[in-house]
Amino acid sequence: MASSGKASSPDELAHALARILTGGAGRVEALRRLTGGASRETWSFERVIGESRRPLILRRACDGEAPDEDLLALDPGLEGRLVGELAAAGLPVAGVVHVLAPDEGLGRGFVMERLDGETLAPRILRRDQYADARSRLAQQCGAALAAIHAARPATAAELPAMQGTDVLSAYRQRYDAYGHSRPVFELAFRWLNERLPEPVEPVLVHGDFRNGNLVVDEKGLVGVLDWELAHRGDPMEDLGWIAVNSWRFGMSHRPVGGFGRRRELLRGYREAGGTPDEGRMRYWQLMGSLKWGVICMTMAEIYRRGVDRSVERAAIGRRVSEAEIDMLNIIRGRD
């Protein structure tokens with residue numbers, strides 16, 4: 001395989017992974033793609049050496065020129081180095097086994113451990129087997145966020161710094177690029193611009209801490225996935241994001257992810273050493289609903305351009321109006 005190429009077929013990918021991860025002494029089995037993301041591929045597989053089997057995950061950049069689902073995504077190699085440092089520091093993340101090198105023929109990405117647990121929100125929020133986990137999950141999330149915000153990995157210096165004005169500007173540019181003027185979006189942009197919080201000392205922010213990126217088992221939180229939007233910024237951004245109504249999956253009476261209360265999230269955050277600010281948290285909750293609305297517009301654009309004609313893209317693209325309702329409710333104090 002030419003070092004300048006990128007393994008694309010499953011057979012090529014399995015061969016390249018076996019070469020890189022076993023040095024020719026083993027093989028890769030049960031390779032399958034888990035998601036069809038526009039900017040990231042996720043593959044599950046097992047590394048087999050003799051009688052030893054190790055379940056692993058490959059995350060790497062997709063080919064093509066699709067618009068990013070989210071803005072400001074990290075290079076996958078940087079994401080891998082960051083996650084590896086956090087795992088070594090004892091945070092609840094998957095350990096990183098290997099960060100891909102340019103000459104390995106697999107593109108940009110990394111290989112990490114596969115965590116045991118559930119990520120699908122409808123199952124976590126409704127199945128009886130997760131009832132005990134739900135009772136403690138919000139507090140566990142608060143503790144995990146406090147640990148994330150206190151972390152000082154060496155790679156943090158390479159992460160973008162994003163205060164409220166930077167995030168608002170980035171999503172304003174993306175929104176304007178689509179050429180669709182929507183009154184509720186205009187209201188939210190104006191409301192947020194007029195109430196921009198004072199800049200804070202930036203800390204490590206996950207950037208996408210929500211259902212779907214949390215691995216949960218019967219005891220609660222196992223780990224936090226998908227660090228591609230990590231940056232340095234306001235810690236209340238993460239607390240506001242997990243409170244966005246879109247991540248409650250119909251369980252709107254439980255404002256933290258559909259499984260818990262704000263007081264439980266904030267208690268876990270305080271007890272783990274964090275200092276919450278509920279006013280800033282609500283500001284970032286509105287910013288989160290606005291961001292999700294723009295992301296829904298991006299999904300529609302991905303579908304419209306033919307990059308991905310899946311039903312999922314079209315269905316999410318139609319959810320712009322839901323984000324508008326959420327924005328109005330937050331502005332009117334009716335979360």
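1. A word on terms to begin with: helices (H or I, at least four residues) and strands (E, at least two) are DSSP runs, numbered from the N terminus. With that in hand, Leu120 sits in the loop between β5 (109-113) and α3 (121-126). Leu120 is partly exposed, its relative accessible area being 43%; here buried means under 20% relative accessible area, exposed over 50%, and partly exposed in between (1.4 Å probe, protein chains only). Along the chain Leu120 and Asn211 are 91 residues apart, yet their C-alpha atoms are separated by 7.4 Å.

2. Some ground rules. This is a predicted model, in which local features need pLDDT of at least 70 and side-chain atom pairs count only at pLDDT 80 or more, while totals for chains, interfaces and linings use all residues. Residues are numbered from 1 along each chain as its sequence is written, and side-chain values use heavy atoms, with hydrogens and water left out.

3. Now the overall picture. The protein has eleven helices and ten strands. Its radius of gyration is 20 Å, close to the 20 Å that the globule rule gives for 335 residues, so the protein is as compact as a globular protein of that length. (The radius is taken over C-alpha atoms, and the globule rule is 2.2 Å times the number of residues to the power 0.38.) The C-alpha trace spans about 60 × 45 × 40 Å along its principal axes.

4. On burial and contacts: 52% of the 335 residues count as buried. Contact means heavy atoms within 4.5 Å. Taking contacts between residues at least 6 apart in sequence, 68% join residues at least 24 apart.

5. On the surface, the protein exposes about 15000 Å², with carbon and sulfur atoms supplying 47% of it. These areas come from the Shrake-Rupley method with a 1.4 Å probe; for residues, only the protein chains shown count as cover. As for charge, the mean positions of the 46 positive and 47 negative charges are 4 Å apart. Lys and Arg count as positive and Asp and Glu as negative, with His and the chain ends not counted; each charge is placed at NZ of Lys, CZ of Arg, CG of Asp or CD of Glu.

6. Have a look at the rings. Rings of Phe, Tyr and Trp (its six-membered ring) pair if their centres lie within 6.5 Å; planes under 30 degrees apart count as stacked, over 60 as edge-to-face and the rest as tilted. That rule gives six aromatic pairs. One of them is the tilted pair of Tyr175 and Phe189, at 5.3 Å centre to centre and with 45 degrees between the planes. This pair links distant parts of the chain, 14 residues apart: Tyr175 belongs to helix α5 (residues 164-177) and Phe189 to helix α6 (residues 183-194). Tyr175 counts as buried at 1% relative accessibility, and Phe189 is buried too, at 4%. Add Phe185, and ring pairs join Tyr175, Phe185 and Phe189 into a cluster.

7. Which residues does Ser246 touch, not counting those up to four places away in sequence? They are Trp292, Arg319 and Asp326. Ser246 itself is in the loop between α7 (236-242) and α8 (262-271), and counts as buried at 6% relative accessibility.

8. Val99 is in strand β4 (residues 96-99) and is partly exposed, with a relative accessible area of 29%. Neighbours within four places in sequence aside, Val99 is in contact with Gly77, Gly80, Arg81, Glu104, Gly109 and Phe110. The C-alpha atoms of Val99 and Glu79 are separated by 9.3 Å, the two residues being 20 apart along the chain.

9. Two backbone angles to check. Ala30 is not a glycine, but has a positive phi of about 60 degrees. Ala30 lies in strand β1 (residues 27-33) and counts as exposed at 54% relative accessibility. Asp226, again a residue other than glycine, has a positive phi near 55 degrees. Asp226 is placed in the loop between β9 (220-224) and β10 (231-233), where it counts as partly exposed at 23% relative accessibility.

10. Last, Arg267 in helix α8. Arg267 is partly exposed, with a relative accessible area of 33%. Its C-alpha atom and that of Gln140 are separated by 9.4 Å, with the two residues 127 apart along the chain.
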